[in-house]
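Grab a pencil and get ready for a few short exercises on a small set of questions about one protein chain. Try each task yourself before you read the solution.

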Amino acid sequence: MRMIAEGVDTFVEIGPGTTLTSFIRKIDRGKTVLHVGSWEEMEALEKALQ
């Protein structure tokens, strides 16, 4: 995957499903993958990233 080859180590999927999250975990379990499926989860992610 090009993004991993370029050094990206954190991925955030925003939306109701987790398809992309699942793909990244299968490709490289060492990467950080976050899923945001609701407004409440978005607020929690924002606080965690500060």
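Here come the exercises, and keep in mind that the model is predicted.

**Exercise 1. Describe the overall build of the chain.**

Step 1: Start with the elements. The chain has 3 helices and 2 strands.

Step 2: Now put them in order. Reading along the sequence, you'll meet the pattern α-β-α-β-α.

Step 3: Add the dimensions. The C-alpha trace spans about 30 × 25 × 15 Å along its principal axes.

Step 4: Look at burial. Of the 50 residues in the chain, 18% are buried.

Step 5: Finish with the surface. The accessible surface of the chain is about 4000 Å², and 55% of that belongs to carbon and sulfur atoms.

**Exercise 2. Work out what share of the contacts links residues 24 or more positions apart.**

Step 1: Set the pool. We take the contacts in the chain with a separation of 6 or more.

Step 2: Pick out the pairs 24 or more positions apart; they account for 16% of that pool.

**Exercise 3. Find the salt bridge partner of lysine 31, and decide how each partner is classed.**

Step 1: Recall the cut-off: a side-chain nitrogen of Lys or Arg has to lie within 4 Å of a carboxyl oxygen of Asp or Glu.

Step 2: Check the pair. The side chains of lysine 31 and aspartate 28 meet at 3.9 Å, N to O, so the pair passes the test.

Step 3: Count. By this rule the total is 1 salt bridge.

Step 4: Class the partners. Partly exposed covers the range between under 20% (buried) and over 50% (exposed). Lysine 31 has 22% relative accessibility, so it counts as partly exposed. Aspartate 28 is at 25%, so this residue is partly exposed too.

**Exercise 4. Locate the charges: how far apart are the mean positions of the positive and negative ones, and which residues form a negative patch?**

Step 1: Take the charges of the chain, 6 positive and 8 negative. Their mean positions are 9 Å apart.

Step 2: Look for negative charge gathered on the surface. Glu40, Glu41, Glu43 and Glu46 make up such a patch.

Step 3: Zoom in on one member. Glutamate 43 sits in helix α3, which covers residues 39–49. Its relative accessible area is 36%, so glutamate 43 is partly exposed.

**Exercise 5. Say which residues make the nonpolar surface patch, and which helix gives the largest share.**

Step 1: List the members: Met1, Met3, Leu20, Phe23 and Ile27. Together they form a patch of about 520 Å².

Step 2: Sort by element. Helix α2 (residues 19–27) supplies the largest share, with 3 residues.

Step 3: Check a member. Phenylalanine 23 lies in helix α2, and with 47% relative accessibility it counts as partly exposed.

**Exercise 6. Compare sequence distance with distance in space for alanine 44 and two other residues.**

Step 1: Place alanine 44. You'll find this residue in helix α3, partly exposed at 45% relative accessibility.

Step 2: Pair it with proline 16. Alanine 44 and proline 16 are 28 residues apart in sequence and 16 Å apart in space, C-alpha to C-alpha.

Step 3: Now take serine 22, a residue of helix α2 that is partly exposed with a relative accessible area of 34%. Serine 22 and alanine 44 are 22 residues apart in sequence and 21 Å apart in space, C-alpha to C-alpha.

Methods
Residues are numbered from 1 along each chain as its sequence is written. This is a predicted model: local features need pLDDT of at least 70, side-chain atom pairs count only at pLDDT 80 or more; totals for chains, interfaces and linings use all residues. Side-chain values use heavy atoms; hydrogens and water are left out. Helices (H or I, at least four residues) and strands (E, at least two) are DSSP runs, numbered from the N terminus. Buried means under 20% relative accessible area, exposed over 50%, partly exposed in between (1.4 Å probe, protein chains only). Contact means heavy atoms within 4.5 Å. Accessible areas come from the Shrake-Rupley method with a 1.4 Å probe; for residues, only the protein chains shown count as cover. Lys and Arg count as positive and Asp and Glu as negative; His and the chain ends are not counted. The place of a charge is taken as NZ of Lys, CZ of Arg, CG of Asp or CD of Glu. Patches are made of residues with over 30% relative accessible area and no salt bridge: like charges are joined within 9 Å, nonpolar side chains (Val, Leu, Ile, Met, Phe, Trp, Tyr) within 5 Å.
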